[in-house]
Amino acid sequence: MSKQKIVTNKSLLLKNDDTTKHVIPIDESQAIEVWVRDISFLDIQAAAQHMLRVEKGDVTLDLAGYWKFAFSNWITKTNPSLNTDELLSLKGHVGEQVCKVLPQPQELAEALQGGFMKPTE
């Protein structure tokens, strides 16, 4: 087993303030642009509170709560410009395309079980 060295570039450990632009096709001739911010460990924990509901000892999965949190907190900008209410009112096929560029609920579940999202390269 090789000895691992200590990280010298701490930016590898910290979420950055950058956003990633995604071009999302709406149909064959049109697209929207969506900017998604980097997600931190605490962001994942906050999202879990919206996805997992605990009432009287029962745990239920609230995917709508998860996506509402994700759309409201992780999308920083769109072109054309959409406010939070408009993002939450996207047509089904458009919202489905936007979801593909955000962390998925199963990734969140994996993080809660001790794993975490894929490392940034």
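Student: Which residues in α1 are buried?

Tutor: This is a predicted model. Buried means under 20% relative accessible area. In α1, the residues that meet this cut-off are D43, I44, A47, A48 and M51.

Student: Within what arc do the buried residues of α1 fall, seen down the helix axis?

Tutor: An α-helix has 3.6 residues a turn, so residues three or four places apart point the same way. The buried residues of α1 line one face of the helix, because they fall within an arc of 145 degrees.

Student: Which residues are exposed on the other side of α1?

Tutor: Exposed means over 50% relative accessible area. On the other side of α1, that describes L42 and Q49.

Student: At the start of α1, which residue has a side-chain oxygen that reaches toward the backbone nitrogen of L42?

Tutor: The oxygen comes to within 3.3 Å of that nitrogen. Its owner is S40.

Student: Which element supplies the largest share of the largest nonpolar core?

Tutor: This core has 23 residues. Elements that each supply at least two of them include β2, α1, α4 and α5. The largest share is 6 residues, and it comes from α2.

Student: Which residues is F71 in contact with, leaving aside neighbours within four places in sequence?

Tutor: F71 is among the residues with the most contacts inside the core. Beyond its sequence neighbours, F71 touches L87, L88, L90, G95, V98, C99 and L102.

Student: What do the buried residues of α4 pack against?

Tutor: Those buried residues are V94, G95, V98 and C99. They fall within an arc of 140 degrees, so they line one face of the helix. They pack against β1, β2, α2 and β5.

How values were computed: Residues numbered from 1 in each chain as written. Predicted model: local features only at pLDDT ≥ 70, side-chain atom pairs only at ≥ 80, totals over all residues. Heavy atoms only, no water. Core = buried A, V, L, I, M, F, W, Y, C linked by side-chain atoms within 4.5 Å. Buried < 20%, exposed > 50% of the residue type's maximum accessible area, 1.4 Å probe, protein only. Helix = DSSP H or I, 4+ residues; strand = E, 2+ residues; numbered from the N terminus. Contact = heavy atoms within 4.5 Å. Arc of directions from axis to C-beta. Polar contact = N/O pair within 3.5 Å; in protein donor to acceptor, adjacent residues only side chain to side chain.
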